[in-house]
Amino acid sequence: MTTDNRKNRSFSRRKFMKTAAAAAAGGALLAGSAHGMSKPESKKRHKRASNPDPDLMLVNGRIHTMDAAHRIVSSVTIKDGRFVEVGYSHRHPQGSGTRVIDLRGRTVVPGIIDNHNHMVLMGNRPGHHTPLENAYSIPDVQAIYAARAAGIPHGAWITTVGGFHSNHIYANPADATSGRLPTRAELDAAVPNNPAFIEIGFTGPAVTNSAGKAIFESQGITVSDTGAMSGNNPSRALLYLRQTLLTPAERRRSVIDAMNYAASVGVTTHLDQGAFQATNTASDGAAHEDNFTMHIPFLEVYGQGDGIVRLRINFLHMESDPNTPELVQRLKNAFPFFGDDMVRTGGIGEFIAQGTSATSPFAAAAQKVAQAGWRAEVHSLGRRQTATSNPADFELEIMGFEAANAAFPGIVRETRWVIAHVPGITQEWIDRLQTIGGNLSLTGWQYLAGNLPTSSVAPYAGPPFRMIVDSGDRPDGIHSGMSSDGMQIAPMNPWLHMYYATTGLNARRVLINPGQQITRQEVLGLYTSRNGWFLHEEEQLGSIEEGKLADLVVLNSDYFSVSDDDLKKIRSVLTVVDGEVVYNAGVLRWHGG
Ligand SMILES: [Zn+2]
């Protein structure tokens with residue numbers, strides 16, 4: 001399918017989403033066709049009737065369009081979900097139905113696109129999941145938790161399942177080595193009336209408060225006197241919370257919470273990369289869910305007209321069976337890159353099979369994906385320890401891609417196959433992947449817990465941002481984009497990833513990626529204009545240009561001039577998705593509308 005076909009789609013988004021949600025509920029996940037699209041329009045789009053006035057004008061800003069010329073303009077005009085004027089607002093005068101927002105000189109960037117994260121897992125968290133990725137001290141944790149408790153009933157669980165690390169929760173803000181989790185007593189002081197559960201990464205360690213300790217101990221789960229939980233107790237606790245809390249209504253509420261958080265940090269489009277298949281035992285960690293049902297609460301939220309950020313859905317397959325029966329059925333029975341502007345399917349990823357070695361089904365799975373004309377996305381976390389040691393995962397993956405591309409010539413370039421993370425990739429392998437038209441997704445996840453590796457082959461924590469961006473600057477250079485790999489082992493907050501990419505510093509302010517830093521303009525480009533590509537939507541998303549979908553973020557400070565440390569504090573004060581204000585911190589004035 002070409003981009004032009006997509007651009008000219010005529011059926012309405014709302015009607016599609018009703019159908020998709022119904023299809024998913026009936027077990028045919030996103031296999032919706034053009035049938036049955038007669039549901040009434042959602043409550044949210046009535047303003048769009050035949051009124052000729054622009055819907056929204058933002059004026060007096062420093063609006064970084066991230067277009068090819070890097071234009072910075074002062075105003076944008078939006079109608080029917082698209083930018084109709086980018087520049088100085090002369091052609092489309094304000095009408096009686098137009099809301100006008102005075103930006104008072106604030107910096108605006110395109111809506112951030114996260115080309116590889118686990119938004120669907122975040123939206124299926126048990127309890128009132130509360131991101132701690134922006135907490136830098138124990139008092140920060142206490143304040144965030146107290147604020148959360150103020151908005152929910154007494155007795156309701158407050159949880160943080162992954163996405164942060166004790167490495168940046170300093171007990172003493174002047175001492176970057178003092179990172180630790182809060183204690184039971186510190187959590188009791190913040191949220192005396194709600195049980196709390198805070199877990200790092202996939203499987204802990206974790207901590208709970210007194211209310212949580214009593215409940216967990218009644219289930220035979222071990223909690224220390226300080227509230228600390230270790231071994232498999234965090235996973236047992238998480239299983240208990242999932243089994244007792246996750247009703248369909250709670251999942252939808254969790255989806256809306258996750259979307260609201262995304263809007264507050266400016267991430268307006270998410271390419272979800274799936275989950276480890278849940279077993280419903282205590283061997284499940286934070287990244288486990290049911291890959292066949294976990295999208296339903298999202299589709300229901302979109303179907304109700306309440307989806308406020310865009311979701312793209314990859315299908316993860318990790319079979320060790322050499323016949324990969326589930327992958328085969330997926331390729332036969334689902335549609336790649338099918339949906340509407342708010343929610344749409346993607347390709348196969350971030351796994352196509354279990355393992356990458358010569359004895360795994362990896363190469364055969366790549367052939368099947370290629371034969372079906374789908375995209376494959378995989379991840380790499382490895383590096384060679386010495387020049388002569390065993391191949392790293394990315395080498396096996398690129399060889400598998402090369403073989404699939406030889407059998408189905410051009411498939412990798414045409415359908416934009418991707419390798420994500422690539423901390424240890426080398427110039428030689430970047431060039432091999434570029435030769436067949438493959439692409440790289442980069443992430444700053446090492447920021448949280450990364451250290452300098454012992455390897456002499458890649459003497460940095462990676463990924464080699466500088467090497468890859470420079471490789472992309474050549475004619476026909478490799479295409480790359482930016483992602484978070486949140487929200488278990490990494491934060492969603494894109495400004496933390498931009499901090500890491502531009503400074504090479506981890507959460508303890510140790511330089512772990514020396515010589516590989518890129519500029520703020522470059523990493524913002526990777527997160528915006530370069531990332532539409534990963535969605536096959538570079539004509540629609542990623543820059544502020546006339547005709548494109550109207551997603552933008554008004555920032556609380558100037559990304560281009562704040563100190564490195566203050567990059568971490570950047571937030572949205574106003575987020576627009578699809579031409580509508582979906583997050584408003586209340587600091588901007590407007591009139592009309
Ligand atoms: Zn991932």
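**View A. Helix H14 and the elements its buried residues pack against.** The buried residues of helix H14 (residues 427–435) pack against helix H12 (393–407), helix H13 (411–415), S20, S21 and helix H16 (465–472); packing here rests on contact, meaning heavy atoms within 4.5 Å. Helices (H or I, at least four residues) and strands (E, at least two) are DSSP runs, numbered from the N terminus. This is a predicted model, in which local features need pLDDT of at least 70 and side-chain atom pairs count only at pLDDT 80 or more, while totals for chains, interfaces and linings use all residues. Residues are numbered from 1 along each chain as its sequence is written, and side-chain values use heavy atoms, with hydrogens and water left out.

**View B. The two sides of H14.** Look for Trp 429, Ile 430, Leu 433 and Gln 434, the buried residues of this helix (buried is under 20% relative accessible area, exposed over 50%, partly exposed in between, with a 1.4 Å probe and protein chains only). Seen down the axis of H14, these residues line one face because they fall within an arc of 140 degrees, the arc being that of the directions from the helix axis to the C-beta atoms. Exposed Glu 428 and Thr 435 sit on the face turned away from the buried side. After H14 comes Gly 437, with a positive phi near 90 degrees.

**View C. An open sheet of four strands.** The order is S19-S20-S21-S22, and the pairing is parallel; two strands pair if DSSP finds at least two bridges between them. At the edges are strand S19 (377–380) and strand S22 (479–483), each pairing on one side only. From one strand to the next, the twist averages 25 degrees (axes are lines fitted to C-alpha atoms, for helices over the stretch in contact, and angles run from 0 to 180 degrees between N-to-C directions). Helix H18 (residues 520–527) packs on the sheet, where H18 touches S21 and S22 and its direction makes about 90 degrees with that of S22.

**View D. Strands S20 and S21 side by side.** Three bridges join strand S20 (residues 418–421) to strand S21 (residues 439–443) in the parallel sense. One pair to find is Val 418 with its bridge partner in S21, Asn 439.

**View E. Tyr 170 in its loop.** Tyr 170 lies in the loop between strand S10 (158–161) and helix H5 (184–190), and Tyr 170 counts as buried because its relative accessibility is 4%. Leaving aside neighbours within four places in sequence, its contacts include Tyr 136, Asp 175 and Arg 508. A polar atom of the Tyr 170 side chain lies 2.3 Å from the backbone oxygen of Ala 507.

Conventions
A polar contact is a pair of N or O atoms within 3.5 Å; within protein, one must be able to donate a hydrogen and the other to accept it, and residues adjacent in sequence count only if both atoms are side-chain atoms.
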